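Trainee: I would like to learn how to read a protein model. Where should we begin?

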Amino acid sequence: MSHAKGLIFLGPPGSGKGTQAQLLSEQLTIPHISTGEMLREAITKKTKLGKRVQYYVNKGELVPDELLLNLIRERLNQDDVQSGWILDGFPRNVSQATFLDKLLLELGKFSEQAINLEVSDNQLVKRLLLRGREDDNEETIRRRLEVYREKTKPVIDYYQQQCRLTSVDGTPPLERVTASLKEVITT
Ligand code: AP5
């Protein structure tokens, strides 16, 4: 059986996951799957899911797993992911990571690589304040960084311990980060 490539982009808020995932999705012609985007779209459209998640997203808290797992299962079952995908913003805690492992085993057609974008906290805060998305205010940014350290950092350790992690410096200008990512993405 041939294995399609799944890429998992990890890193703190503002590290460039979304930007790089979008660029590489276009260049590699595989879909960019961002849980943050999916949740923001649901909030904008005021769907049932959107109404349930708005509070968490605005506060910088993680949305409860039960609201996300089905979303990911459905997305990774769609036709356009057959030759690969880039996940951005998922998994966000160790239980999401183990769920993803089980799901990928069940789907049986993907080999995946986790990539961690590293950027200093000072840079992150500067970038996010400059962007100014609804959850980019000082209080929510502070909480998102805390949540990252408490809940998401262990996901980095999880992939690292299994020798499935590649780290890339996310500090240089965009194009240089994209070039570094292309160098480390294995086919
Ligand atoms: P999500 O949308 O995933 O936000 P995030 O992780 O906080 O990440 P950001 O989008 O802020 O940063 P990014 O790393 O993608 O950087 P970006 O490329 O945008 O999640 C939002 C919320 O949804 C969460 O708080 C949570 O509530 C919920 N959620 C989502 N997924 C969930 C999950 N799995 N479980 C539970 N809850 C979940 O870049 C940031 C800025 O920096 C941009 O302006 C960009 O232009 C700039 N920039 C990027 N790279 C560079 C560079 N190299 N040099 C200079 N500027 C740069």
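**Reading the sheet and its surroundings**

Mentor: With the centre of the sheet. This is a predicted model. Strand 1 (residues 4-10) is joined to strand 4 (residues 110-118) by 7 bridges, and the two run parallel. One example is Ala4, whose bridge partner in strand 4 is Phe110.

Trainee: How many bridges join strand 1 to strand 3?

Mentor: There are 5 bridges between strand 1 and strand 3 (residues 84-88), and this pair runs parallel. Here Leu7 stands opposite Ile86 of strand 3.

Trainee: What is the order of the strands in the sheet?

Mentor: The sheet is open, has 5 strands and follows the order 2-3-1-4-5, with parallel pairing. At the edges are strand 2 and strand 5 (165-169), each of which pairs on one side only. On average, neighbouring strands of this sheet are turned by 25° against each other, ignoring direction.

Trainee: What joins strand 2 to strand 3?

Mentor: They are joined by 3 bridges and run parallel. The bridge partner of His32 in strand 3 is Ile86. Helix 2 packs on the sheet, where it touches strand 2 and strand 3, and its direction makes about 65° with that of strand 2.

Trainee: Back to strand 1. Are its faces covered or open?

Mentor: To read a strand, take its two sides in turn. On one side of strand 1, Ala4, Gly6, Ile8 and Leu10 are buried; on the other, Lys5, Leu7 and Phe9 are buried, and both faces are covered. Since 7 of the 7 residues are buried, strand 1 is largely enclosed by the rest of the structure.

Trainee: How do I read a helix?

Mentor: An α-helix has 3.6 residues a turn, so residues three or four places apart point the same way. Now take helix 4 (residues 65-75): its buried residues are Asp65, Leu67, Leu68, Leu69, Leu71, Ile72 and Arg75.

Trainee: What do the buried residues of helix 4 pack against?

Mentor: They pack against strand 2 (32-34), strand 3, helix 2 (35-44), helix 3 (48-59) and helix 5 (94-107).

Trainee: And a charged residue such as Lys17: is Lys17 buried or exposed?

Mentor: Lys17, which lies in helix 1 (residues 17-28), is buried yet has no salt bridge. A salt bridge needs a side-chain nitrogen of Lys or Arg within 4 Å of a carboxyl oxygen of Asp or Glu. For Lys17, the nearest side chain of opposite charge is Asp88, at 5.0 Å.

Trainee: Which residues does Lys17 touch, not counting those up to four places away in sequence?

Mentor: Lys17 touches Phe9, Leu10, Gly11, Pro12, Asp88 and Leu117. Of these, Phe9 and Leu10 were listed above among the buried residues of strand 1.

Trainee: How many aromatic pairs does the structure hold?

Mentor: It holds 2 aromatic pairs. In one, the rings of Tyr55 and Tyr56 have centres 5.5 Å apart and planes at 80°, so the pair is edge-to-face. Tyr55 counts as exposed, at 53% relative accessibility, and Tyr56 is partly exposed, with a relative accessible area of 25%.

Trainee: Why is the pair of Tyr158 and Tyr159 edge-to-face?

Mentor: The planes of the two rings are at 85°, so the pair is edge-to-face; the ring centres of Tyr158 and Tyr159 are 5.3 Å apart. Tyr158 is buried, with a relative accessible area of 15%, and Tyr159 counts as buried at 1% relative accessibility.

Definitions and conventions. Residues numbered from 1 in each chain as written. Predicted model: local features only at pLDDT ≥ 70, side-chain atom pairs only at ≥ 80, totals over all residues. Heavy atoms only, no water. Helix = DSSP H or I, 4+ residues; strand = E, 2+ residues; numbered from the N terminus. Buried < 20%, exposed > 50% of the residue type's maximum accessible area, 1.4 Å probe, protein only. Lys, Arg positive; Asp, Glu negative; His and termini not counted. Contact = heavy atoms within 4.5 Å. Pairing = 2+ DSSP bridges. Axes fitted to C-alpha atoms, helices over the stretch in contact; angles between N-to-C directions. Phe/Tyr/Trp six-rings, centres within 6.5 Å; stacked < 30°, edge-to-face > 60°.
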